[in-house]
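Me: Please take a close look at the salt bridges in this protein. I would like to know which side chains pair up, and how buried or exposed the partners are.

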Amino acid sequence: MVDVVVTGTGGPVVVSASAAARRDLSNVSDEVFAEKAAQAGIGVALWPTSVRADGSTNDRAAWTAFLADAANTTRDLPAGTTRIVLGSGQALSLPAGLTLRGQGAGKTILRLETTTNGQSALLQTGVGVRFEDLTLHLVPASGTTGVLIDWRLDELSFHRCTLSGQTTLAGDGVNFTRSAQGIKFRETGSQAGLSVTECDLTGFKFPFLKSNAATGAQSRIRIAGCHAYANWSEDISINSPAGLLDDVLIDGNTVDSPLRVPGAARLGIAIATGSNCKIVHNTINGDFQDAIHIEEAIDGLLIQGNSGTVSGNGIFVLENNIGGAHHTPKRALICDNTFKYTGLGTTHIGLQVVWSAITSSLDKSVIRGNLLEGFPVGMEDGVTPEAYVERSGNQAVNCTTGFRLVYGGRSFRDNTSVSCSVGLLGERATSLRHTFVDCATSVSKSASGSPVVTYDPTFVYRGVIPTAGGVVAGAMMRLFGSDRADFTEARAVIRQQGSSVDVAERRFSEVSWDGTTLNVTSAFNYIAGSVNVGLQNPGGILSPVTSDTDNSGALATVEVELRGCYIRG
């Protein structure tokens, strides 16, 4: 039997198995003694006295002996740093049912040093291994890649731990002199039950190692309440198109900017190929290529309630990757996500469903209620006509292009572009009931595109102009070339600036634009005092016209709203 460390107010005291302190618990196991002492309010750790835990002594041999009879036990570890140096072919084996519980992350620290390339420091050899309240820190030898833990069997969990690695970038700023990997998934076969909750993940090239070519199948994965930061390539990524995932929950994590390396993927959260996967309520901030990256066939996908400020793409959905096999994600619900762009690029996209000439990138799905702000393109929609994907209630704000459509269709409806340079850019595209608010150009088309048709849109243009000085016009809606617009209802309203009360309103039953002439008919006037409002067409620009015969000089907010059909020819 190992000795027992009783942790009291004066620090740890070693009590041997035959000491007087055990005379009332004679003939019981160490685990029972620990349990009884804990019930008496005394902290107890089963701990070999040969472990120095001084941060410098190599405690590998003592730890190997310590774990030899640790199956189906809970081992409470005292505070301190234990250094374990693992030679070629060496690893600490974790038997079935083992729980290692420390005094808190940053207090109980296991420093694991690997010496050969590709070596794993910890090896799960039994089902049901758990770590609580401690730090596991991996230091690979210079010039090598090391792995913190090889997840081999079912039921591996980490709770309130710090998992960290020492990864060092070479002087060229591209290659690594040492590379630390975190939790390694099986390349082949199946495993279930990985839980990482309330943990810090930092300093790794890959906190989760699931290679692209791996064909292993993993299920029941929970990564929740964690903080991933200062990693070098990908943060929470289980992106293996050749493998298979099922029942994955990535919930409530905070992912911060990775350390930038040229050529690195820089993915915040990424998954590929599987079923029943949920990415919900995560916060993702920083310089990512994609904050959320989805590829290959995922059947049953929920991306909801995620948010962040990024300098790359927001949400990226792709159907293609390895071996020329193209499989479409389907039954996806992408809703209520909010991303803001702070980068300087011209090509980044808030939410992108990649267009493919081979097959649709999404099928039988819903994209709804997402808010995308400041991106060069708010949302790019590559959904093909044969795939039914409802896209509604999404909003692009202050984007260069609000929405870029390849096809659109009547399932693309009730979306809103606010203060975008171009509200909707299309190619062979149609949309239904799109709302444009203060966009410099509402609808445009690509150079090679067919006409873009917007059925029953709403155009809202707001500007502040003075009502004084007789008739004043303010440019609001620009119509170009051969575009056609037939609005069944138009409304122009003046409000006193800073007030919600209408000063003047005029409704028009028909407004049409045939490419050269603006026709306004059947105006219904509402006039307050001497203030009036109308529409005119100076130089192809639809403008509100205000007049104030009393010259009151007050500033007013002018809002023009139009409903009907708009065709970008």
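Reply: Glu132 is buried, at 13% relative accessibility, where buried means under 20% relative accessible area, exposed over 50%, and partly exposed in between (1.4 Å probe, protein chains only). Its salt-bridge partner is Arg130, with the closest N and O atoms 2.5 Å apart, the term standing for a side-chain nitrogen of Lys or Arg within 4 Å of a carboxyl oxygen of Asp or Glu. Arg130 is partly exposed, with a relative accessible area of 28%.

This is a predicted model, in which local features need pLDDT (the predictor's confidence in each residue, from 0 to 100) of at least 70 and side-chain atom pairs count only at pLDDT 80 or more, while totals for chains, interfaces and linings use all residues. Residues are numbered from 1 along each chain as its sequence is written, and side-chain values use heavy atoms, with hydrogens and water left out.

Across the whole structure, 17 salt bridges are found. In another of these pairs, Glu380 meets Arg404 with the closest N and O atoms 2.3 Å apart; this pair links distant parts of the chain, since Glu380 lies in strand S36 (residues 377–381) and Arg404 in strand S39 (residues 401–405), 24 residues apart, strands being DSSP runs (E, at least two residues) numbered from the N terminus. Glu380 is buried at 13% relative accessibility, whereas Arg404 is partly exposed at 29%. Salt bridges that share partners also join Arg368, Glu390, Arg413, Asp414 and Arg433 into one network. Within that network, Arg368 and Glu390 meet at 3.1 Å, N to O.

How values were computed
Helices (H or I, at least four residues) and strands (E, at least two) are DSSP runs, numbered from the N terminus.
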